[in-house]
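Student: I would like to go through this model with you and ask, for each label, what justifies it.

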Amino acid sequence: MHANGRNLPVVVAGAGLAGLAAGATAALAGARVIILESSLAGGRARTQKCDGFQFNEGPRALYQDGAGARVLSRLGVMTPGHPAPLQTARALIGGAPRPFPAAQYARVIAQMSPVVPGEWAGASAAEWIDSSGLRGDAAMVAAAAVRVTTYVADLDRLPASVAITQVQTSLRGVSYLDGGWQSLVRGLTSTAWAAGAEIRQHGRVEQVTGRPGAWEVHTTSDVIQAAAVVIAVGRPAAAARLLPAGPQWEPPGPPVLAACLDMGLRHADARFVLGIDEPLYMSPHAPPGDLAPAGCGLVHLLRYGPTKPAADRDQLWAFASATGIRHDDVVVDRFLPRMTVVNHLPLPCEGLTGRPPVVVPGSPGVFIAGDWVGPDGWLADCSLSSGERAGQLAARVVT
Ligand SMILES: Cc1cc2nc3c(=O)[nH]c(=O)nc-3n(C[C@H](O)[C@H](O)[C@H](O)COP(=O)(O)OP(=O)(O)OC[C@H]3O[C@@H](n4cnc5c(N)ncnc54)[C@H](O)[C@@H]3O)c2cc1C
């Protein structure tokens, strides 16, 4: 073994978007890379085929001008897709679909567009809406716009800077990807492979021990010597468990959760419906996307902030029914009662700068990545940008 570990690989634990971005980035920078995934590559970005329908695990929109799209572009990952079908959108008010409050929405957007997010550092999204002069229905429309772009229902706990940035970024375009988010997984995997990275699925990392320059990555079947390690295993607690003396990364804020009902329909008539007075929304991903057999449709319904699974399931079915979807229309459905959309909601007083950095203190050559790491981006934008940064730093250890 070389004294400074330069002939050892970079080992990445986890092949979600963060781990794949880290592995592909390090491999492109010239490092030998091994990516270990306990299950199948993709994590929460996987798309499953059910009776000819391609289900993401709940709705997924790629922010075209977000930090993640820029990472994907640098890694040569194409993202063909379609804009969200907002032209025919309806609103859910008082339990029934109604015409979309377009004038109010335009007023809210006009109010949000010029705001500088950094000027609202320390405030919550609720405080920002309150002080913006929006009242009554307009305030509810503003809250719905923030929910649909952040996935957060409790606006008292959401940093205003995140809310404003997400709404503004969404105005520059969101895309429903052809082939679902599996296309991102395929694209990142291809880039990583082409650059020489090895991806081992069903290879769980149990622990990381050793010392700088000679880390030991313990899997269920062997121990791999590594010059640098990127831990991208999803949850903060799971990352902390891999490092015996590592920081605990106890997030001060809760995870952002959602209940999702995914439906494959016999028809393609469903419309986008945004809950104004309830934390709900329904979004047809096919059409416009190519995720359903010809003539059929695929919709995702979501409740921000799950309660009890049975109650949430009933509420989402009632929502579908209120929009005109009958049980007979449904070819296949899947209820996901408690999805983790984001692992850590930062406190309003801290904002995104309160998240832990990619560099693990006290463990040179060990890095973390995921939707709770680093100062950049929200949702997958954070996973991809922290993954890229971790991959760059890991590659510097060996190249
Ligand atoms: C319902 C829902 C809607 C969403 N909508 C959007 C959206 O519209 N726009 C957007 O940008 N983002 C959205 N997201 C967020 C986005 O999907 C995630 O940010 C992203 O997929 C997370 O990637 P990750 O790599 O950080 O984590 P994960 O996908 O959780 O990946 C972690 C990986 O590590 C593996 N692993 C765990 N433990 C180990 C171990 N010990 N050893 C090896 N491997 C291990 C896991 O199997 C997994 O594959 C949404 C998420 C959800 C749930």
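Tutor: Let us begin with helix H2, in a model that is predicted: the buried residues of H2 pack against H1, strand S5 (62-63), helix H7 (182-194) and H10.

Student: Which residues of H2 are the buried ones?

Tutor: They are Ala67, Gly68, Ala69, Val71 and Leu72.

Student: Why is alanine 67 called buried?

Tutor: Alanine 67 has 21 other C-beta atoms within 10 Å of its own, and the label requires 20 or more; alanine 67 is therefore buried.

Student: Which residues does alanine 67 touch, leaving aside those up to four places away in sequence?

Tutor: Alanine 67, which lies in helix H2 (residues 67-74), touches Asp376, Gly377, Asp381, Leu384 and Ser385. Each of these counts as a contact because its C-beta atom lies within 7 Å of that of alanine 67.

Student: How far apart are alanine 67 and tryptophan 372, in sequence and in space?

Tutor: In sequence the two are 305 residues apart, while in space they are 15 Å apart, C-alpha to C-alpha.

Student: What is the sign of phi at glycine 76, which follows H2?

Tutor: The phi of glycine 76 is positive, near 75°. Just after H5, tyrosine 151 likewise takes a positive phi, of about 70°.

Student: What span is expected of helix H5 at 1.5 Å a residue, and what does the helix reach?

Tutor: Helix H5 (residues 136-150) has 15 residues, and the expected span is 1.5 Å times one less than that number, so 21 Å is expected. The helix reaches 21 Å from its first C-alpha to its last, which is close to that expectation.

Student: What makes H5 a mostly covered helix?

Tutor: Of its 15 residues, 11 are buried, including Met140, Val141 and Arg147. The buried residues of H5 pack against helices H3 (102-112), H4 (125-131) and H6 (160-171), and against strands S16 (273-275), S17 (280-286) and S18 (297-304).

Student: Turning to the ligand, which of the 36 residues around it come nearest?

Tutor: Gly14, Gly16, Gly43, Gly58 and Gly234 come nearest. Two or more residues of the shell are given by each of helix H1 (17-28), strand S15 (256-265), strand S19 (330-342) and helix H10 (380-398).

Student: How do the residues of that shell divide by character?

Tutor: They divide into 18 nonpolar, 11 polar and seven charged residues, and glycine is counted among the polar ones.

Student: From which domains does the shell draw at least three residues each?

Tutor: It does so from domain 1 (10-45 + 182-250 + 351-398) and from domain 2 (47-65 + 174-178 + 254-342).

Definitions and conventions: Residues are numbered from 1 along each chain as its sequence is written. This is a predicted model: local features need pLDDT of at least 70, side-chain atom pairs count only at pLDDT 80 or more; totals for chains, interfaces and linings use all residues. Helices (H or I, at least four residues) and strands (E, at least two) are DSSP runs, numbered from the N terminus. A residue is buried if 20 or more other C-beta atoms lie within 10 Å of its own, exposed if 12 or fewer, and partly exposed in between; C-beta atoms are placed from the backbone. Two residues are in contact if their C-beta atoms, placed from the backbone, lie within 7 Å. A residue is near a molecule or strand if its C-beta atom, placed from the backbone, lies within 6 Å of it. Domain bounds come from an automatic or database domain assignment.
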